[in-house]
Amino acid sequence: MLAFVPYWIPLYIKRMIRIQLLSFFLSLIFLGLNAHAETCSPAKVYSIGEIDPRFHLQPYEVSASAAQAAEYWAHSASFQEISDGGITVELKWDHRQERFLKSERDKRDISRARVEVLRKKEKLEQKRVVYEALLHGNSDLSRAQIVGFLREIESERSSLNREIVDFNETLLLAEKVYSQWKTSDVVGEYRQDTSGEKINVFLVRSKSHLTAVLIHEFGHALGLSHIEKPSSVMNSSLPDDYERFKRVSEVEKEAIAALCP
Ligand SMILES: [Zn+2]
């Protein structure tokens, strides 16, 4: 009876949504080709210097991360915190942390937009099922009402597809921005000059991230260069699963042994 009503135009929404894991946010970040101490120095002292308040980290929290970093090297070297002097550990605020925080906000916004689009898609899918039932079953609705219902669905579908196009454009733009970023940011550095030894940290994702960065920079303070192996915390770029670095690896023990015959 209702066969003349144009048959449902399939939703192409499913294939249009680029459901991505936002992997570009989990970027590898270079730790920089920093100066490293020249000589064997298995006993080091450090102090916590200036912590920019915008990091929202208290000195005792930085101290705790540094103590964990010291623990990492405990098998092969000794790092002791003192109140002043030694290697000065500082958290420096610049565009890097600001950009990181912006990327976190973008990530949350994109995730929210994605959830919203999927919610609308689900709702539309339910309407489509209802419409199919109306087409093939007996209904109290008039032909005009069913046609009206189809128009409503079609209008929502068009609007949702426009939203999806916008969403994909935002995602592509974010991918572009953050893929350029991931290979360029130095998050920490070890420096040794006439004013003494310094570890500067520019980007802190979390306390455990800070610990991993300090482990790496402490390694430079011991005299280690980069060790481009995934198993080593001395890799020039810190992997995303940096929390797995719990204690000094064999390759690092060997490198330290080579420095300190
Ligand atoms: Zn490095």
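With 12 C-beta neighbours inside 10 Å, Glu98 counts as exposed, since a residue is called exposed when 12 or fewer other C-beta atoms lie within that distance. This residue of the predicted model belongs to helix α3. Although 104 residues separate Glu98 from Phe202 in sequence, their C-alpha atoms are 9.9 Å apart in space. Other positions of α3 are buried, namely Gln97, Phe100 and Val117. Helix α3 itself runs over residues 95-136, and its length can be checked by simple arithmetic: at 1.5 Å a residue, its 42 residues should span 62 Å. The C-alpha atoms at its two ends are 61 Å apart, which agrees with that expectation.

It helps to place this helix within the whole protein. The predicted model contains 6 helices and 7 strands, and along the sequence these elements follow the pattern α-β-β-α-β-β-α-α-β-β-α-β-α. Of the 261 residues in the protein, 24% are buried. Among contacts with a separation of 6 or more, 79% are made by residues 24 or more positions apart.

The packing of two helices comes next. Two packed helices are described by the angle between their axes and the distance between the axes. Helix α2 (residues 59-72) packs with helix α5 (residues 207-222) at an angle of about 50 degrees, and their axes are 8 Å apart. That angle makes α2 oblique to α5, and the crossing of the two helices is right-handed. On the α2 side, the residues that meet α5 are Glu61, Val62, Ser65, Ala66, Gln68, Ala69, Ala70 and Tyr72. Their partners in α5 are Lys207, Leu210, Thr211, Leu214, Ile215 and Phe218. Sorted by character, the residues of this contact divide into 9 nonpolar, 3 polar and 2 charged. A general property of helices is useful when looking at such a list: an α-helix has 3.6 residues a turn, so residues three or four places apart point the same way.

One residue from each of these helices can be followed in detail. Ala66, in helix α2, counts as buried because 24 C-beta neighbours lie inside 10 Å, and the cut-off for a buried residue is 20 or more. Leaving aside neighbours within four places in sequence, Ala66 is in contact with Tyr46, Ile48, Glu81, Val89 and Leu214. One of these partners, Val89, is 23 residues away along the chain, with a C-alpha separation from Ala66 of 8.6 Å. In helix α5, His220 is buried as well, because it has 26 C-beta neighbours inside 10 Å. From His220 to Ile199 the distance is 9.6 Å, C-alpha to C-alpha, and the two are 21 residues apart in sequence.

The loops offer a contrast to these buried helix positions. Asp84 is found in the loop between β3 (78-81) and β4 (87-91), where it counts as exposed because 9 C-beta neighbours lie inside 10 Å. Ile48, one of the contacts of Ala66, also appears here: Asp84 and Ile48 are 36 residues apart in sequence, yet 7.6 Å apart in space, C-alpha to C-alpha.

A second loop residue, His56, lies between β2 (43-51) and α2. His56 is exposed, with 9 other C-beta atoms within 10 Å. The backbone deserves a look here too. Most residues other than glycine have a negative phi, and most peptide bonds are trans. At His56, phi is near 55 degrees, which is a positive value in a residue other than glycine.

Technical notes: Residues numbered from 1 in each chain as written. Predicted model: local features only at pLDDT ≥ 70, side-chain atom pairs only at ≥ 80, totals over all residues. Axes fitted to C-alpha atoms, helices over the stretch in contact; angles between N-to-C directions. Helix = DSSP H or I, 4+ residues; strand = E, 2+ residues; numbered from the N terminus. Parallel < 35°, antiparallel > 145°, perpendicular 65-115°, else oblique. Left-handed = near helix turned anticlockwise from the far one by under 90°. Contact = placed C-beta atoms within 7 Å. Nonpolar A, V, L, I, M, F, W, Y, C, P; charged D, E, K, R; others polar. Expected span 1.5 Å × (residues − 1).
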